[in-house]
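Please read the points below with the sequence and the structure open beside you, and check each one against the model as you go.

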Amino acid sequence: MNALKQMQYKILKGSLVLNLVIIAMSALFLSKPLPFIIGLIFGASISALNFVELANTLNRAVLMPPAKAQSFTVIKYFIRYFVMTVVIYVSIVAPYINVIGTFLGLISIKLIILVSNLFSDKKYFKNIFSRKEDESSGQ
């Protein structure tokens with residue numbers, strides 16, 4: 001499995017784990033968790049499909065001439081946003097789907113990417129926790 005597919009798999013697995021944790025917490029703390037869980041599954045599945053489609057779009061666009069790649073990626077971009085709009089609209093209109101659950105499902109992959117990139121760099125944390133007095137200023 002190449003590095004790109006491994007990264008996709010890792011992010012999708014992390015999103016699944018995050019959504020399962022949110023489902024467990026909602027089952028424990030909400031009085032009627034079913035609409036929230038349905039919304040979460042609905043949003044997370046569409047988010048995962050959009051993520052895989054984005055990867056496929058980028059893989060195909062790299063092999064195209066620049067002008068064709070630009071128009072191809074813009075068209076795919078608007079298609080993905082149209083799908084997101086339809087998902088949010090269906091979530092708002094349907095009484096059996098919770099809007100907040102759908103929203104959390106839609107952003108779950110983005111949260112996993114942010115957290116995995118933020119916490120993977122040890123130098124970043126060293127810079128945060130190092131004091132200015134510790135740095136040699138030449139004085």
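**Notes on the model**

1. Q8 counts as buried, because its relative accessibility is 8% and the cut-off for buried is under 20%. Please keep in mind while reading this and every later point that the model is a predicted one.

2. Where does Q8 sit, and which residues does Q8 touch? The place of Q8 is in helix α1, which covers residues 3-29. When residues up to four places away in sequence are not counted, Q8 touches F51, V52 and A55.

3. The largest nonpolar core has five residues, namely I22, I23, F36, I37 and L40. Helix α1 and helix α2, the latter covering residues 34-62, each supply at least two residues of this core, and the largest share, three residues, comes from α2.

4. One member of that core, I37, can be followed a little further. If its neighbours within four places in sequence are left aside, I37 is in contact with I23 and S26, and I23 is itself listed among the residues of the core.

5. How many aromatic pairs does the structure hold? The structure holds two of them. In one, the rings of Y77 and F78 have their centres 5.5 Å apart and their planes at 75°, so this pair is edge-to-face, given that planes over 60 degrees apart are classed in that way. The other aromatic pair, formed by Y77 and Y81, is tilted, with 4.8 Å from centre to centre and 55° between the planes.

6. Where along the chain do Y77 and Y81 lie? Both lie in helix α3, which covers residues 66-93, and they are four residues apart, about one turn of the helix. Y77 takes part in the pair with F78 and also in the pair with Y81, and the ring pairs link Y77, F78 and Y81 into a cluster.

7. Are the rings' residues in this cluster buried or exposed? F78 counts as exposed because its relative accessibility is 54%, and the cut-off for exposed is over 50%. Y77, at 39% relative accessibility, counts as partly exposed, and Y81, at 46%, also counts as partly exposed. Q8 in helix α1, by contrast, counts as buried at 8%.

Key
Residues numbered from 1 in each chain as written. Predicted model: local features only at pLDDT ≥ 70, side-chain atom pairs only at ≥ 80, totals over all residues. Heavy atoms only, no water. Buried < 20%, exposed > 50% of the residue type's maximum accessible area, 1.4 Å probe, protein only. Contact = heavy atoms within 4.5 Å. Phe/Tyr/Trp six-rings, centres within 6.5 Å; stacked < 30°, edge-to-face > 60°. Core = buried A, V, L, I, M, F, W, Y, C linked by side-chain atoms within 4.5 Å.
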